[in-house]
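Here is a short guided tour for a first-year student, written to be read with the structure open beside it. Take your time and find each residue as it comes up.

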Amino acid sequence: MSRVTLSRYLIEQTRSNNTPADLRFLIEVVARACKEISHAVSKGALGGVLGSAESENIQGEVQKKLDVLSNEILLEANEWGGHLAGMASEEMDNAYQIPGKYPKGAYLLVFDPLDGSSNIDVNVSVGTIFSVLRCPNQCFSQNDSLGEEAFLQPGTEQVAAGYAIYGPQTMLILTLGHGVMGFTLDRELGSFVLTHEHLQVPQSTAEFAINMSNQRHWEEPVKRYVGELLAGKEGPLGKNYNMRWIASMVADVHRILTRGGIFMYPRDARDPSMPGKLRLMYEANPMSMIIEQAGGAATTGTQRILDIQPSSLHQRVPVFLGSKEEVERVTGYHQA
Ligand code: AHM
Ligand code: MG
């Protein structure tokens, strides 16, 4: 049986769903960058890439060497091809300008170059998350620099979203708005091969993911919901639930995409200026598009994540995503 590579899948998408050629090229370049990041991650101490870069990002988080390297790999891979009007990343304060010597294109690329940074040095799965938007009002034809406003579009405007997971296998999960496909990196061939077609999140689940150590800081609806999960068969939900927390959103979401579950990073009272930990533009939005495309749901507890009008590039939001029944239940508790 012939194997469907990412390139072939994308060409077939152009034929069946009119995926534009420049979007196809963009996805191929992102995938190539992810292969390079996968290679660097897998070298670990042998590549001298572990440990801190001794710098901080705009959110005051210490950057790891691999955070910085992954960011550079994505920028360098994507800046010259002529398909982008600009980029933005967790690791950069402001929008990245396409250097003047290269042509500009119709799309904006937003990414978390290496998600799950706390797991880098302990050899646990990490990943790259990305989101593709159209540049509004032909902003690519202007000579002046690209401002943050161009990126501030609700998640419903995403034309593509995906993540690469660097685990026992490297996989690329992709949606172009026509379902969710999973590709596994064949290291001998050097190509991503379609191995998981039309991934679907089971509607119901008995597995949840949350950092329980923050329990005392949560809001009432979350305390109530998690309390009911923990009460198990004897509680109001009448069944036992299992818990997993990897602390790499990519790995937690990947598990949910594979066998169901609910992922939660709620707002908490630790820092009132921060409505949750995860960032809307390059974590919550792409993951929400993937989960919705796979038949799941994603809310802040009070609102569908994809409907949020962003107010800034690094905005944070509470996140509840995964199997529909459970996401709807905890969202309902916020309305009660
Ligand atoms: P990062 O982008 O700096 O790695 O932070 C995001 C990560 C998510 O991958 C994960 O779900 C969460 O932070 C874990 O947070 P905590 O350490 O509070 O459990
Ligand atoms: Mg992250």
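K64 is buried, because its relative accessible area is 18% and the cut-off for buried is under 20%. Keep in mind that this is a predicted model.

**Salt bridges across the chain**

What does the side chain of K64 meet in a salt bridge? The partner is D121, at 3.6 Å from N to O. K64 belongs to strand β2 (residues 62–64), while D121 sits in the loop between β5 and β6, so that the pair links distant parts of the chain, 57 residues apart. Unlike the buried K64, D121 is partly exposed, with a relative accessible area of 36%.

The loop between β5 and β6 also holds N123. Is N123 buried or exposed? With a relative accessible area of 75%, N123 is exposed. N123 and G167 are 44 residues apart in sequence, yet their C-alpha atoms are 8.9 Å apart in space.

By the rule used here, the count of salt bridges comes to 14. The table shows some of them, with the N to O distance for each pair.

| Salt bridge | Distance (N to O) |
|---|---|
| D121 and K64 | 3.6 Å |
| R259 and E207 | 2.9 Å |
| E219 and R267 | 3.4 Å |
| R279 and E90 | 3.4 Å |

Let's look at R259 and E207, whose side chains meet at 2.9 Å. R259 lies in helix α5 and E207 in strand β11 (residues 207–209), so this salt bridge ties together parts that are 52 residues apart in sequence. R259 counts as partly exposed, at 47% relative accessibility, whereas E207 counts as buried, at 10%.

Next come E219 and R267, which meet at 3.4 Å. E219 is in the loop between β11 and α4 (220–231), and R267 is in the loop between β13 (262–265) and α6; the two are 48 residues apart. Both are partly exposed: E219 has a relative accessible area of 33%, and R267 is at 35%.

Some salt bridges share partners, and in this way E207, D252, R255 and R259 are joined into one network. R255 has its place in helix α5 (residues 249–259). R255 counts as buried, at 11% relative accessibility. Leaving out residues up to four places away in sequence, R255 touches E207, A209, R244, I246 and G260.

**Two domains and their contact**

The domain assignment divides the protein chain into domain 1 (6–196) and domain 2 (207–335). Their centres, taken over C-alpha atoms, are separated by 24 Å. The contact takes 49 residues from domain 1 and 31 residues from domain 2.

How much area do domain 1 and domain 2 bury between them? The value is about 2,900 Å², with 63% of it on carbon and sulfur atoms. On the side of domain 1, I129, L152 and Y163 lose the most area to domain 2, and together they make up 19% of what that side buries.

Polar groups take part too: 17 residue pairs are in polar contact between the two domains. Several strands each supply at least two residues of the side of domain 1 that touches domain 2, among them β3 (84–89), β5 (107–115) and β7 (160–166). The largest share of that side, seven residues, comes from β6. The rule finds one salt bridge across the interface of domain 1 and domain 2.

**The nonpolar cores**

In soluble globular proteins, nonpolar side chains tend to be buried together. Here the largest nonpolar core has 43 residues, and L23, I27, L109, F130, V132, L174 and F183 touch the most other members. Helix α2 (residues 21–43) gives the largest share of this core, ten residues.

What does I27 touch, not counting residues up to four places away in sequence? The answer is L10, F130, V132, A160, L174 and L176. There is also a second, separate core of 33 residues, which includes I290, A294, I308 and V319.

**An enclosed helix**

Why is helix α6 (residues 280–293) described as largely enclosed by the rest of the structure? Twelve of its 14 residues are buried, so the description fits. The buried residues of α6 include L280, Y282, E283, N285, P286 and I290. After α6 comes G295, which has a positive phi, near 90 degrees.

Notes: Residues are numbered from 1 along each chain as its sequence is written. Chains are lettered from A and ligands numbered from 1 in the order in which they are written. This is a predicted model: local features need pLDDT of at least 70, side-chain atom pairs count only at pLDDT 80 or more; totals for chains, interfaces and linings use all residues. Side-chain values use heavy atoms; hydrogens and water are left out. A nonpolar core is a set of buried Ala, Val, Leu, Ile, Met, Phe, Trp, Tyr and Cys residues joined through side-chain atoms within 4.5 Å. Buried means under 20% relative accessible area, exposed over 50%, partly exposed in between (1.4 Å probe, protein chains only). Helices (H or I, at least four residues) and strands (E, at least two) are DSSP runs, numbered from the N terminus. Contact means heavy atoms within 4.5 Å. Domain bounds come from an automatic or database domain assignment. Buried area is the accessible area (1.4 Å probe) that two parts lose on being put together, summed over both. A salt bridge is a side-chain nitrogen of Lys or Arg within 4 Å of a carboxyl oxygen of Asp or Glu. A polar contact is a pair of N or O atoms within 3.5 Å; within protein, one must be able to donate a hydrogen and the other to accept it, and residues adjacent in sequence count only if both atoms are side-chain atoms.
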